[in-house]
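Trainee: Could you pick one part of this model and take me through it closely, with the cut-offs spelled out as you go? I'd like to see how it fits in with the rest of the chain.

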Amino acid sequence: MFKTLRASLALLVVFTLLLGLAYPAAVWVAGQLFFSHEADGSLVSYQGKIIGSALIGQNFTGERYFWPRPSSGGHPYAFLSSGASNLNPANPALIDQIRKRIAFLSNAHENQNGTIPADLVTASGSGLDPHISPAAALYQAARVAKARGLPLERVHALIQATTENRTLGILGEPRVHVLLLNLALDRLSGGRP
């Protein structure tokens, strides 16, 4: 019986050291050596200050900025309450949310005719998506250009410059990173994010 107990305790110590210390340390070292930016949170800096992460969306609300997808969390882009709303497409609460978002966007973009891109009125699964579609960025371009006093063509060029292509050329859709686009606007006009 003591032989079995001793063997069990020895295995516990060995696997604790191996899987509880050595493996996590090896993964951390590999992350720091080969993917240090990603391992440290993909942080975005502006004028020497960290202003966000490339992985988590932010709630821009001013007229001078491109707006992100709506967040389904209790507080917009609060990562502790992130997640999908789990409302199905026929749920009256979701339909009401979408109608309110359409009315808000229509009022904010009075000169726009045409369909509002779906990603401006529906939340992402995580509620923290940092991207919008190029169509959603183009929909907002005239408002941002007017608020900043920039030519519309210059804003379109920034959208094009910050559009990310499909991952590996086949996965996902083209997308615009809202924080990076707004940061490019601030750099252009000397503002602050």
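Mentor: What follows is a close look at helix H6 and its partners, then a few spots elsewhere on the chain.

A word on ground rules. This is a predicted model, so local features need pLDDT of at least 70 and side-chain atom pairs count only at pLDDT 80 or more, while totals for chains, interfaces and linings use all residues. Residues are numbered from 1 along each chain as its sequence is written, and side-chain values use heavy atoms, with hydrogens and water left out.

Now the setting. The protein chain has six helices and five strands (DSSP runs numbered from the N terminus: H or I of at least four residues for helices, E of at least two for strands). Read from the N terminus, the order is α-α-β-β-α-β-α-α-β-β-α. Of its 193 residues, 30% count as buried, where buried means under 20% relative accessible area, exposed over 50%, and partly exposed in between, using a 1.4 Å probe and protein chains only.

H6 covers residues 178–189. Its 12 residues reach 17 Å from the first C-alpha to the last, close to the 16 Å expected at 1.5 Å a residue (the expected span being 1.5 Å times one less than the number of residues). Which residues of H6 are buried? They are Val178, Leu179, Leu181, Asn182, Leu183, Ala184, Leu185 and Asp186. As background, an α-helix has 3.6 residues a turn, so residues three or four places apart point the same way. The buried residues of H6 pack against strand S1 (43–46), strand S2 (49–53), S3, helix H4 (134–148), helix H5 (152–162) and S5. Contact here means heavy atoms within 4.5 Å. Chain-wide, among contacts with a separation of 6 or more, 57% come from residues 24 or more positions apart.

Two of those partners, S3 and S5, belong to an open antiparallel sheet of three strands, ordered S3-S5-S4. Strands S3 (131–132) and S4 (163–164) are the edges, each pairing on one side only. S5 (residues 175–177) pairs with S3 over two bridges, and pairing requires DSSP to find at least two bridges between the strands. Across that pair, isoleucine 132 faces valine 176 in S5.

The loops are worth a glance too. Most residues other than glycine have a negative phi, and most peptide bonds are trans. Leucine 168, in the loop between S4 and S5, has a positive phi near 55°, and it counts as exposed because its relative accessibility is 77%. Glutamine 47 sits in the loop between S1 and S2; its phi is also positive, near 55°, and at 60% relative accessibility it counts as exposed.

Last stop, helix H1 (residues 2–34), home of tyrosine 23. Why does tyrosine 23 count as exposed? Because its relative accessibility is 53%. Tyr23 joins Leu11, Val14, Phe15, Leu18, Leu19 and Val27 in a nonpolar surface patch of about 690 Å². Patch members have over 30% relative accessible area and no salt bridge; like charges are joined within 9 Å, nonpolar side chains (Val, Leu, Ile, Met, Phe, Trp, Tyr) within 5 Å. A salt bridge is a Lys or Arg side-chain nitrogen within 4 Å of an Asp or Glu carboxyl oxygen.

Key: Areas by Shrake-Rupley, 256 points an atom, 1.4 Å probe, with all protein chains shown as cover.
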